[in-house]
Amino acid sequence: MEGLSLILIIASLAIISYLSFRTRTVRSFQFQMFLFMLVLAVAEAPRILETLGVVTGGPYYDLVGLEIHSVSMVILAAFVGFRIYRFWRGKAS
């Protein structure tokens with residue numbers, strides 16, 4: 001199942017990357033999701049590769065992956081908060 005998880009994460013990153021670069025604007029939702037998926041893939045890939053036995057590093061990958069994953073959640077919360085702020089600001093005008 002870990003191999004399937006790795007394939008799905010890479011496929012999701014590829015699809016979001018394609019959509020993001022197609023819009024060609026940094027302010028788009030696709031670009032924001034690209035940044036989130038990039039951080040998420042960087043967080044999950046080492047743990048999955050260690051589980052599959054491709055790399056060895058002990059508990060180091062679990063700790064770093066958890067920290068990077070936490071950063072990705074903060075980024076996602078910031079994106080959602082910014083979008084909600086822009087929505088509410090537009091309604092007040």
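Where is the place of Ala45? Select Ala45 and you will land in helix α2. Keep in mind on this tour that the model is predicted.

**Stop 1: Ala45 and its partner across the chain**

With Ala45 still highlighted, show the surface. Ala45 is partly exposed, with a relative accessible area of 21%; the partly exposed class starts at 20%, and anything under 20% would be called buried. Now add Ile10 to your selection. Ala45 and Ile10 are 35 residues apart along the chain, and their C-alpha atoms are separated by 8.9 Å.

**Stop 2: Helices α1 and α2**

Next, select residues 2–23 for helix α1 and residues 29–52 for helix α2. Two packed helices are described by the angle between their axes and the distance between the axes. For this pair, the axes come within 9 Å and cross at roughly 160°. That crossing angle makes α1 roughly antiparallel to α2, because angles over 145 degrees count as roughly antiparallel. If you turn the view to look at how α1 and α2 cross, the crossing is left-handed.

**Stop 3: Ile15**

Stay on helix α1 and pick Ile15, which lies there. Is Ile15 buried or exposed? Ile15 counts as exposed, at 52% relative accessibility, so it passes the 50% cut-off for that class. Then draw a distance from Ile15 to Phe79: the two are 64 residues apart along the chain, with 19 Å between their C-alpha atoms.

**Stop 4: Along helix α3**

Now select residues 60–92, which make up helix α3. Two residues to click on here are Val71 and Met73.

- Val71 counts as partly exposed, at 43% relative accessibility. Its C-alpha atom is 23 Å from that of Thr25, and the two residues are 46 apart in sequence.
- Met73 is also partly exposed, with a relative accessible area of 38%. From Met73 to Arg24 you will find 24 Å, C-alpha to C-alpha, and 49 residues in sequence.

**Stop 5: A nonpolar patch**

For the last stop, remain on helix α3 and choose Phe87, which is found in this helix. Phe87 is partly exposed, with a relative accessible area of 46%. Which residues form a nonpolar patch on the surface with Phe87? Add Val80, Ile84 and Trp88 to the selection, and you have the patch. Colour these four side chains and switch on the surface: together they have about 420 Å² of accessible area.

Methods
Residues numbered from 1 in each chain as written. Predicted model: local features only at pLDDT ≥ 70, side-chain atom pairs only at ≥ 80, totals over all residues. Heavy atoms only, no water. Patch = residues over 30% accessible without salt bridge, like charges linked within 9 Å, V, L, I, M, F, W, Y side chains within 5 Å. Areas by Shrake-Rupley, 256 points an atom, 1.4 Å probe, with all protein chains shown as cover. Helix = DSSP H or I, 4+ residues; strand = E, 2+ residues; numbered from the N terminus. Buried < 20%, exposed > 50% of the residue type's maximum accessible area, 1.4 Å probe, protein only. Axes fitted to C-alpha atoms, helices over the stretch in contact; angles between N-to-C directions. Parallel < 35°, antiparallel > 145°, perpendicular 65-115°, else oblique. Left-handed = near helix turned anticlockwise from the far one by under 90°.
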